[in-house]
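Got a structure open and no idea where to start? Let's walk through a few of its features together, one question at a time.

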Amino acid sequence: HQIRLSLININNDLDYRESNLANSRILGSDLAQKNLSIGGSLKSKWNPVFSTHLHAYHTKYDLTSRSIYESSGQTLEQKNLVDENALKVHTFWNVGTPFLWENGYQFTETSITNQTSVSQPPFESMAKGVVQSHALYSQLRYQSPNKRLLAQTGMRLNYYKNRDSLATFDKFLAEPRLNLSYEIVKDLTVEALGEFKSQATHQIVDLEQNFLGVEKRRWILSNEKDLPIITSKQGSLGISYDHNKLYTGLTGFYKKVNGVSISTQGFENEYQFNGEIGEYDVRGVEVLLNAKTEITSAWLSYTYNENTYEYDALDPNRFPNNFDVRHDVTFGGIVTMDSFKLAFGINYRTGKPYTQPDGESPLNTSLFPTRINYQPPNSSRLPEYFRADASALYDFKLSDGINAKVGLSVLNFTNRKNILDTYYRLTDDNQIETIETVSLGLTPNFSFRVGF
């Protein structure tokens, strides 16, 4: 029997204030984030062919935020509280070489509360939902005697139940899964993967200008009305060569996600207040190279993605996803010499899409308040992203039985200005203002760790 317990508690606080010298008005934002997670597991081997794994956890997330707006003197307060408890029992049964049969049951209860308070005009709301999920799953694993074929197939049956009296629902979902791996010749392997998945939680994205753009996401539960349970289907087919200290791999993949609400995607154009339900699909190719020596390891990866939304209620109904990054290249390496390690990494990727105002008619003054007229959604691209990092780590002994590590890292040591996001808003006199979110510049970090 093996028992493991874990606990983590993290608190983050942000307080920002500024003063308007003309009218002595103080405005700003503050944000408090608290995370608490407690978990435990018990692994038991009952005999040579049967073992179990029992796992339970409780996690709590608490977000409280407040923002004061200069133009109206309005104060907006929001609170997002997530409580989740889970219990999982997993069994392993070696039913006879070369088969391994795995079964399990998982219970999860997720409670989410959202509170909103506005000072002018006075408004308050509170919404709480609870979703319980029960899952039974089974998986059979087979490995051929010559170890060239590995096959795993299984099924997960999910039952979702909403305990909110205002929007109750029950739903069953079947999720098949398949994993096949076959060594064609020595060191050359082909692999096929496929699975269905589902999720009953969403993250609603607030507007960028709220809370300094630091925290815009709030958790909320599916209700099978305006927020359905998210379902996905995904598959991949790849081939790899792994010989001595050289690995090369090529993988093609496809994924389709249904039940995607616009309110969860962070739109920053005319659709940002919409709640249409649609889908997106991702297809692409990934290439990975990894070479090792006695003291070095270097890798190069390239990914091509094509990520596209589809919303029947919009025009056009298909357009690039907000996170559609077509090309992504990463190069990195590690050098190890006794107790000293040196690492470096370079990442380059093309810019993600965004939507610009219409060049000929940027404002719609026929509406009140005036609104921005935009070009087709996600028809523009941000500049490419480039970042280079380096770090060093040194291990040493403080005394017998007490070890220490000291580390130094520098993120973005070229000090490049990377634009992460661009959006537009109207000023009080109806002028279009461009807002850019920029990455950190050169950022050093120092760490010291003791183990005993």
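What follows is a chat between a learner and a teacher about this structure.

Q: Before we start, what kind of model is this?

A: This is a predicted model. Keep that in mind as we go.

Q: Let's begin with burial. Is Gln152 buried or exposed?

A: The idea is to look at relative accessible area, where buried means under 20%. Gln152 has a relative accessible area of 17%, so Gln152 is buried. You'll find Gln152 in strand β7, which covers residues 149-162.

Q: What does Gln152 touch, once its neighbours within four places in sequence are left aside?

A: For contacts, we look past the residues next door in the chain. With neighbours within four places set aside, Gln152 is in contact with Gln139, Leu140, Arg141, Arg177, Leu178 and Asn179. With one of these, Gln139, there is also a polar contact from side chain to side chain, at 3.2 Å.

Q: Can we try that again on Ser301? Which strand holds Ser301, and is Ser301 buried or exposed?

A: Sure, the steps are strand, burial, then contacts. Ser301 sits in strand β15, residues 296-310. Its relative accessibility is 16%, so Ser301 counts as buried. Not counting residues up to four places away in sequence, Ser301 touches Val287, Leu288, Asp328, Val329 and Thr330.

Q: How far apart are Ser301 and Leu14?

A: You can answer that in two ways, along the sequence or through space. In sequence, Ser301 and Leu14 are 287 residues apart. In space, the gap is 37 Å, from C-alpha to C-alpha.

Q: Now for salt bridges. How many does a search of the whole structure find?

A: Here you look for a side-chain nitrogen of Lys or Arg within 4 Å of a carboxyl oxygen of Asp or Glu. Searching the whole structure turns up 17 salt bridges. Let's take Glu175 and Arg156, whose closest N and O atoms are 4.0 Å apart. Glu175 lies in strand β8 (residues 169-185) and Arg156 in strand β7, so this pair ties together parts that are 19 residues apart in sequence.

Q: Are Glu175 and Arg156 buried or exposed?

A: Check each partner on its own. Glu175 is buried, at a relative accessible area of 3%. Arg156 is buried too, with 18%.

Q: What about the salt bridge between Glu195 and Lys197?

A: Their side chains meet at 3.7 Å, N to O. Glu195 counts as partly exposed, with 21% relative accessibility. Lys197 is also partly exposed, at 37%.

Q: And which residue forms a salt bridge with Asp389?

A: That's Arg387, and the closest N and O atoms of the pair are 2.7 Å apart. Asp389 is buried, with a relative accessible area of 17%, while Arg387 is partly exposed, at 32%.

Q: Which residues do salt bridges with shared partners join into one network?

A: A network is what you get by following shared partners from bridge to bridge. Here, Arg156, Glu175, Arg177, Glu195 and Lys197 are joined into one network.

Q: On to the backbone. Where are the cis peptide bonds at Pro98 and Pro316?

A: Omega is the angle to read. Thr97 and Pro98 are joined by a cis peptide bond with omega about 10°. Pro98 is in the loop between β4 (75-96) and β5 (99-118). The bond from Asp315 to Pro316 is cis as well, with omega near 0°. Pro316 has its place in the loop between β15 and β16 (318-320).

Q: What is phi of Lys147 and of Asn244?

A: The thing to watch for is a positive phi in a residue other than glycine. Lys147 has a phi near 65°, and this residue is in the loop between β6 (123-143) and β7. With 59% relative accessibility, Lys147 counts as exposed. For Asn244, phi is near 50°. Asn244 is in the loop between β12 (230-243) and β13 (246-261), and it counts as exposed at 69%.

Q: Last one: what is the volume of the second largest pocket, and which residues are closest to its centre?

A: With a pocket, go from volume to centre to lining. The volume of the second largest pocket is about 1000 Å³. Of the 41 residues that line it, Ser198, Gln199, Ala200, Thr201 and Ile230 are the closest to its centre. The largest share of the lining, five residues, comes from β5. By type, the lining residues divide into 15 nonpolar, 18 polar and eight charged.

Methods: Residues numbered from 1 in each chain as written. Predicted model: local features only at pLDDT ≥ 70, side-chain atom pairs only at ≥ 80, totals over all residues. Heavy atoms only, no water. Helix = DSSP H or I, 4+ residues; strand = E, 2+ residues; numbered from the N terminus. Buried < 20%, exposed > 50% of the residue type's maximum accessible area, 1.4 Å probe, protein only. Polar contact = N/O pair within 3.5 Å; in protein donor to acceptor, adjacent residues only side chain to side chain. Contact = heavy atoms within 4.5 Å. 1 Å grid on protein atoms, 1.4 Å probe; cavity = no way out; pocket = protein on both sides within 12 Å on 5 of 7 lines; lining within 4 Å. Points joined across faces, edges and corners; volume = space filled by probe spheres on them. Nonpolar A, V, L, I, M, F, W, Y, C, P; charged D, E, K, R; others polar.
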